[in-house]
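Student: I have just opened a new structure and would like a guided tour. May I start with a single residue and work outwards?
Tutor: Certainly; please put it on the screen.

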Amino acid sequence: MDMEPIWLSIKLALITTIFLLFIGIPIAYWLSRRQSIVKLIIEALITMPLVLPPSVLGFYLLLAFSPNNGLGIWLHQHFNLQMVFSFKGLVLASIIYSLPFMVSPLKAAFSHLPKSMAEASYVMGKSKIKTFFYVILPNIKPSIFTAAVLTFAHTLGEFGVVLMIGGNIPGETKVASIAIYDSVETMDYASANAYALILFAITFVIVIGVFLLNRSAVKSPFE
Amino acid sequence: MIKIDIFKKIGGRYGAVDLRVNTTFQSGAVTQISGPSGIGKTSLLKILAGLVLPDSGMVTLEDEIWFDKAKNISKKVQDRNVGFVFQDYALFPNMTVEEHLRYATNDKEYINYLLELGEMKVLSKRYPKQLSGGQQQRVAILRALATKPKLLLMDEPFTALDAELKLRLIKGLSSLFLAQKTTVVLVSHQNDEFAHQNRNVFLLSND
């Protein structure tokens, strides 16, 4: 059996998670501060991939990245980037698609920290940046871990978006979930079963891990 | 001397309250603020610290303007050199007792002195969740002292301490305040704290 789709899925999930850690932490912190109408709209947009059919997101990304359209032409001319039917396109789509899984638990964690904790640090003369790295971030460590693991697991299970903009190119965009679909299409049930079982096992272990961690450290991020 | 003449509309869990304060606090002395719940005692302390900004008015310490709405001056919290003991302690769960003090100052001798003063020496390697309420409260007090603030603001700082320990701690604090010429403003419902030294009482009311 060809293990490449599994590795591709793991690679995609890993890269997406790393990118999202750097993007998600500042966004979540910003959202957890004072509310405003702009933030409300941005938070709604970030949360949309949770409820929107992945095909909707995939469709619009396909249009946006299409080499015949404005953004697609611009990316191609300036960065020589071909986003449709490429791994890079999958990474970008996954970042958008998994954004709520990173941002929402982190935002909850940030807002649960007592305000006085940061204030105590300011009073001692510490800057906002120093306070963020020495007081705020270390105290949401369990939530950062949970958010990262959930993002990883969610990206691993991505199907609709990948199908729309990635297609089914071996070694490039043929991730495990696509490989299952492809195997079933060609009546190769044995391969489909193998891929499905591996995905099931990985995801199961991840979810158990999150539960164990949450029991000892923090409440589930969606509570 | 701290001069404060401010107005602030505060909306807390007790509903909206107009906080209007026009008074002075004597330097190098202990001033106790008392008054009914929800009247704005904590807000007043936070205004002095610069954590909350008044809607109008001014705050000055000696000749230095800390806040002046008309002149659009507001000295940053970080630059005011105040100590603050929060009612909820506001300890850092990721730091041990000693690390709390080290975060505030590099002066090892002074850290040792504070640990002795708060009777926390043997507990210095513990994290907040491994401490009792009274021990946590003492860490909050010691941490506020660690930066050697000119002005120390304390929000009900002794509520979790038993009577004997409280007496010993207040005695220790009194001599420290005297030596460092600390100006202290504290919110408390008790009247026996710092009773033996230069202490003023300021009653906050809304009339």
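Student: Does B:T147 count as buried or exposed?
Tutor: This is a predicted model, so the answer is computed from predicted coordinates. B:T147 has 21 C-beta neighbours inside 10 Å and therefore counts as buried. A residue needs 20 or more such neighbours to be called buried.

Student: Where does B:T147 lie?
Tutor: B:T147 is in the loop between α4 and β8 of chain B.

Student: Which residues is B:T147 in contact with, leaving aside its neighbours within four places in sequence?
Tutor: There are contacts with A:M124 and A:G125 in chain A, and with B:N81, B:G83, B:A104 and B:T105 in chain B.

Student: And how far is B:T147 from B:L204 in space?
Tutor: Their C-alpha atoms are 28 Å apart, and 57 residues separate the two in sequence.

Student: Since chain A has come up, how many residues of chain A are in contact with chain B?
Tutor: The contact involves 15 residues of chain A and 16 residues of chain B.

Student: Which helix gives the most to the side of chain A that touches chain B?
Tutor: That is α6(A), with six residues. Both α6 (115–123) and α7 (128–136) of chain A supply at least two residues each to this side.

Student: How do the residues on that side of chain A divide into nonpolar, polar and charged?
Tutor: On the side of chain A that touches chain B, nine are nonpolar, four are polar and two are charged.

Student: Now the sheet in chain B. What is the order of its strands?
Tutor: Five strands of chain B form an open sheet in the order β7-β8-β9-β3-β10, with parallel pairing. At the edges are β7 (82–85) and β10 (199–203) of chain B, each of which pairs on one side only. Neighbouring strands are turned by 15 degrees against each other on average, direction ignored.

Student: What packs on the sheet?
Tutor: Helix α4 (residues 133–146) of chain B does, touching β7 and β8 (151–155) of chain B. The direction of α4(B) makes about 175 degrees with that of β7(B).

Student: Which residues of β7(B) are buried on its two faces?
Tutor: B:V82 and B:F84 are buried on one side of β7(B), and B:G83 and B:V85 are buried on the other, so both faces are covered. In a regular strand the side chains alternate between the two faces of the sheet.

Student: How many bridges join β7(B) and β8(B)?
Tutor: β7(B) and β8(B) pair in the parallel sense over four bridges. One bridge partner to note is B:L152 in β8(B), which belongs with B:G83.

Student: And β3(B), what does that strand pair with?
Tutor: Strand β3 (residues 30–34) of chain B pairs with β10(B) over five bridges in the parallel sense. In β10(B), B:R199 is the bridge partner of B:V30, while B:N200 stands opposite B:T31. β3(B) also pairs in the parallel sense with strand β9 (residues 183–187) of chain B, over four bridges. There, B:Q32 has B:L186 as its bridge partner.

Student: Changing topic: how many residues of α1 of chain B are buried?
Tutor: Nine of the nine residues of helix α1 (residues 41–49) of chain B are buried, so this helix is largely enclosed by the rest of the structure. Among them are B:K41 and B:K46. Just after α1(B), B:G50 takes a positive phi of about 95 degrees.

Student: Which residues other than glycine have a positive phi?
Tutor: Among them is A:M187, with phi near 65 degrees. A:M187 is in the loop between α10 (176–185) and α11 (189–216) of chain A, and counts as exposed because 8 C-beta neighbours lie inside 10 Å. Another is B:K181, with phi near 50 degrees. B:K181 is in the loop between α5 (163–180) and β9 of chain B, and is exposed, with 10 other C-beta atoms within 10 Å.

Student: Finally, at what angle do α3 and α5 of chain A pack?
Tutor: Helix α3 (residues 54–65) and helix α5 (residues 87–112) of chain A pack at about 135 degrees, with their axes 11 Å apart. The two helices are therefore oblique to each other, and the crossing of α3(A) and α5(A) is right-handed.

Technical notes:
Residues numbered from 1 in each chain as written. Chains lettered and ligands numbered in written order. Predicted model: local features only at pLDDT ≥ 70, side-chain atom pairs only at ≥ 80, totals over all residues. Pairing = 2+ DSSP bridges. Axes fitted to C-alpha atoms, helices over the stretch in contact; angles between N-to-C directions. Contact = placed C-beta atoms within 7 Å. Parallel < 35°, antiparallel > 145°, perpendicular 65-115°, else oblique. Left-handed = near helix turned anticlockwise from the far one by under 90°. Nonpolar A, V, L, I, M, F, W, Y, C, P; charged D, E, K, R; others polar. Buried ≥ 20, exposed ≤ 12 C-beta atoms within 10 Å, placed from the backbone.
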